[in-house]
Amino acid sequence: MDTIKVVCGIIYQDGKVFICRRRPGKHLEGYWEFPGGKVESNEDEKDSLSRELHEELEMEVEIKDYYATSNYSYESISIKLIAYHCELIQYSSKLTDHDKFEWVSPEDLLDWKLAPADIPLAKKLLNI
Ligand SMILES: Nc1nc2c([nH]c(=O)n2[C@H]2C[C@H](O)[C@@H](COP(=O)(O)OP(=O)(O)OP(=O)(O)O)O2)c(=O)[nH]1
């Protein structure tokens, strides 16, 4: 099975974390995720994350430390989901690939229907 490399941001503002819902028509529609996207070949992970956040959300962040990687096999594809901590610089509610966003307390993350690959990342934030 092919493995794709995906980078995502755990984006904080005032102690809350940003999640967004994949819009209808997308793979995993209706699931909530940490925003990001596929890393192109030879692309630096942080450059890729900045690019995806601009393209999908017109969001600007400061990318901080590497956080963790979650490897997950869906039916037709395996993904290596690489997460970085980020701090929000600027966002004005623009959505393209998603139909909703929320700022949530880390302890409430598991109440949301997260994409399966994201659940280990959310659990790690809670030390469980
Ligand atoms: N961006 C992001 N993608 C995730 C997360 N969790 C997870 O399983 N994924 C999956 C969904 C997608 O199959 C893939 C990310 O690709 P992408 O977000 O660039 O998707 P894309 O725009 O190319 O859309 P598509 O081709 O899948 O329709 O990884 C996550 O937290 N963030």
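The following paragraphs describe a predicted model, beginning with its annotated domain and moving to strand β2 and then to the surroundings of the ligand.

According to an unreviewed UniProt entry, residues 2-127 carry the annotation "domain: Nudix hydrolase". Over this stretch the chain is 45% strand and 16% helix, and the C-alpha atoms at its two ends are 30 Å apart.

Strand β2, residues 16-22, offers a useful point of entry. This strand is mostly covered, with five of its seven residues buried. Three pairings involve β2, and each may be taken in turn. With β1, the strand pairs in the antiparallel sense over two bridges, and here Gln13 stands opposite Lys16 of β2. The two strands form a hairpin with two residues between them, in which Asp14 takes a positive phi near 50 degrees.

The pairing of β2 with strand β7, residues 98-104, is also antiparallel and extends over six bridges. In this pairing Cys20 stands opposite Phe101 of β7. Strand β3, residues 32-33, pairs with β2 in the antiparallel sense as well, over two bridges; within β3, Trp32 is the bridge partner of Arg21.

Attention may now turn to the ligand. It is surrounded by 17 residues, of which the closest are His27, Glu33, Gly37, Ala115 and Ala117. The elements that give two or more residues to this shell are β1 (3-13), β4 (36-38) and β6 (78-90). Of these, β4 gives the most, with three residues. By class, the shell comprises nine nonpolar, five charged and three polar residues.

Note on methods: Residues numbered from 1 in each chain as written. Predicted model: local features only at pLDDT ≥ 70, side-chain atom pairs only at ≥ 80, totals over all residues. UniProt positions renumbered as here; feature names shortened; annotations may be inferred. Helix = DSSP H or I, 4+ residues; strand = E, 2+ residues; numbered from the N terminus. Near = placed C-beta within 6 Å. Nonpolar A, V, L, I, M, F, W, Y, C, P; charged D, E, K, R; others polar. Buried ≥ 20, exposed ≤ 12 C-beta atoms within 10 Å, placed from the backbone. Pairing = 2+ DSSP bridges.
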